[in-house]
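Reader: Hi! I'd love a close look at how the aromatic rings come together in this model, and at what surrounds them. Could you walk me through it?

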Amino acid sequence: DDIRLTVPPANDLVFKGNYYQTQRDTGTAQYYTRLPLSQAVLETIQFSANVENTGSAMQPNTKFTNGITTPAGFTQYTSNTLNTASGVTDSLIIANTFGFNDGVGMYSFSYATSSDSVDSNPNDNVLDTVTVEVTDSTYSRDRNAAGNFWYGAGSSFEIGPLFDVLDTVKATSVSIAVGENSVAGEAISIYIYDGSLTVPIASREFIILDSASIGSLVTYAIPEVLLLPGQYI
């Protein structure tokens, strides 16, 4: 066998992960894609990140920044700073809290890390930009959301994301991304449950998929239902 020993660069920070903690929402790992304005104005977010020093030298004043673009303009938040030792992963927190206070439109978060040293591999110091749209009435939680799923004896599997509703709203439709492996002629049903997960509070059953639905985002009207503040699936 051939063995090769390599010396790591002196300065190499790696952005391992970014997180946001919502003030009122319970799904910290299931981020919003779209958020109704009535709910957005009630929400507050705090950002944090994990940064690893894969270099051989101490990285003085390691920090992470979040460039935030809203319908009103651009601002940048900066975390606390730490001297990150070689081989160590540190957690960094931005003290500023963020609110969706600039109306309907696109909000984007761009994450990066740096220290007082020149990084040998800056490409791994940034993460993909996260975008959230504040809308008039659409609520979507489909970024990294595995969903809350369950089944009962003798019944079909059911799967759906958890929605925290902070303001009384009326639900009128449900949009579903139909997978490319689905087949025209198959039937699906839509149910809305409250947090008890017992009897659906609204439903539309036995929708037959057509060929135009396969691989598409489709919207189905449901009987209107008033959702009081609480959890729904």
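Author: Happy to! By the ring-centre rule used here, the count comes to 13 aromatic pairs. One of them is formed by F47 and F98, a tilted pair with 6.3 Å from centre to centre and 50 degrees between the planes. F47 belongs to strand β3 (residues 44-53) and F98 to strand β7 (residues 89-99), so this pair ties together parts that are 51 residues apart in sequence. Both F47 and F98 are buried. Please keep in mind that this is a predicted model.

Now for the wider group. Ring pairs link F47 and F98 into a cluster with F15, F64, F100, Y107, F109 and Y111.

Y107 is a good place to step from the rings to the strands. Y107 stands opposite V132, a residue of β9. The strands behind that are β8 (residues 105-114) and β9, which pair in the antiparallel sense over five bridges. On the parallel side, strand β9 (residues 130-135) is joined by three bridges to strand β2 (residues 34-36). There, R34 has E133 in β9 as its bridge partner. When you follow these strands on screen, it helps to recall that in a regular strand the side chains alternate between the two faces of the sheet.

Let's go back to strand β3, the one that holds F47. E52 lies in strand β3 too. The side chains of E52 and K16 are joined by a polar contact of 3.5 Å. Beyond its neighbours within four places in sequence, E52 is in contact with D12, L13, V14, K16, V88 and T89. For a longer reach along the chain, take E52 and P122: they are 70 residues apart in sequence, and their C-alpha atoms are 13 Å apart in space.

One last stop is T84, which is found in strand β6 (residues 82-84). How buried or exposed is T84? Its relative accessible area is 0%, and because buried means under 20%, T84 counts as buried. The side chain of T84 makes a polar contact of 2.9 Å with the side chain of D90. Leaving out residues up to four places away in sequence, T84 touches N53, A57, M58, Q59, T62 and D90. D90 is thus on both lists for T84, as a polar partner and as a touching residue.

To retrace the route on your screen, start at the tilted pair of F47 and F98, move through the ring cluster to Y107, and cross from Y107 to V132 in β9.

How values were computed:
Residues are numbered from 1 along each chain as its sequence is written. This is a predicted model: local features need pLDDT of at least 70, side-chain atom pairs count only at pLDDT 80 or more; totals for chains, interfaces and linings use all residues. Side-chain values use heavy atoms; hydrogens and water are left out. Helices (H or I, at least four residues) and strands (E, at least two) are DSSP runs, numbered from the N terminus. Buried means under 20% relative accessible area, exposed over 50%, partly exposed in between (1.4 Å probe, protein chains only). A polar contact is a pair of N or O atoms within 3.5 Å; within protein, one must be able to donate a hydrogen and the other to accept it, and residues adjacent in sequence count only if both atoms are side-chain atoms. Contact means heavy atoms within 4.5 Å. Two strands pair if DSSP finds at least two bridges between them. Rings of Phe, Tyr and Trp (its six-membered ring) pair if their centres lie within 6.5 Å; planes under 30 degrees apart count as stacked, over 60 as edge-to-face and the rest as tilted.
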